[in-house]
Amino acid sequence: MATERAEVSAPPGYSEHHTGYAIDLGDANDPETDLSVDFERTEGFQWLEANAAYFSFELSFPPNNEQGIAYEPWHWRFVGDQDSLETFYRARSNGDRDRRNSSDSTRPTGKTQR
Ligand SMILES: [Zn+2]
């Protein structure tokens, strides 16, 4: 079960749980919504949306996230210190830079330095 879940929700390179900064949350009053998109309809999720940022947590995979990961309303990550920020944002900004570089290549070839 746990293995299956990991395969479904964490493609290679995108598992955040191994970083120690990610956590899956559920609503004890609606346990049937655990690890389900239905979790977004619970009071627990409403609370998270309103308050998680105050505790430096953010939703890792909101709908239509740029990583292309399925929406996971239950999966939150801590981004409240330098190490966690570098863990999550260095990788992502490198990807952005790659993408930007490829569009940069449409610039006239020539000395773009300086
Ligand atoms: Zn998770």
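Trainee: In what order do the 3 strands of the open sheet lie?
Mentor: This is a predicted model. Its open sheet has 3 strands with antiparallel pairing. β1 and β2 (57–59) are the edge strands, each pairing on one side only. The order is β1-β3-β2.

Trainee: How much does the sheet twist from one strand to the next, on average?
Mentor: Take the sheet in its order, β1-β3-β2. From one strand to the next, the average twist is 30 degrees.

Trainee: Which residue in β3 is the bridge partner of glutamate 58?
Mentor: Strands of a sheet pair through backbone hydrogen bonds. β2 and β3 (residues 75–78) run antiparallel, joined by 3 bridges. Across from glutamate 58, the bridge partner in β3 is arginine 77.

Trainee: What pattern do helices and strands follow along the sequence?
Mentor: Count the elements: the chain has 3 helices and 3 strands. Read along the sequence, they give α-β-α-β-β-α.

Trainee: Is leucine 35 buried, exposed or partly exposed?
Mentor: Leucine 35 sits in the loop between β1 (22–24) and α2 (43–51). Buried takes 20 or more other C-beta atoms within 10 Å, and exposed takes 12 or fewer. Leucine 35 has 16, so it counts as partly exposed.

Trainee: What separates the C-alpha atoms of leucine 35 and histidine 75?
Mentor: Along the chain, leucine 35 and histidine 75 are 40 residues apart. In space, their C-alpha atoms are separated by 8.2 Å.

Trainee: What share of the chain's residues count as buried?
Mentor: The chain has 114 residues. The buried share is 16%.

Technical notes: Residues numbered from 1 in each chain as written. Predicted model: local features only at pLDDT ≥ 70, side-chain atom pairs only at ≥ 80, totals over all residues. Helix = DSSP H or I, 4+ residues; strand = E, 2+ residues; numbered from the N terminus. Pairing = 2+ DSSP bridges. Axes fitted to C-alpha atoms, helices over the stretch in contact; angles between N-to-C directions.
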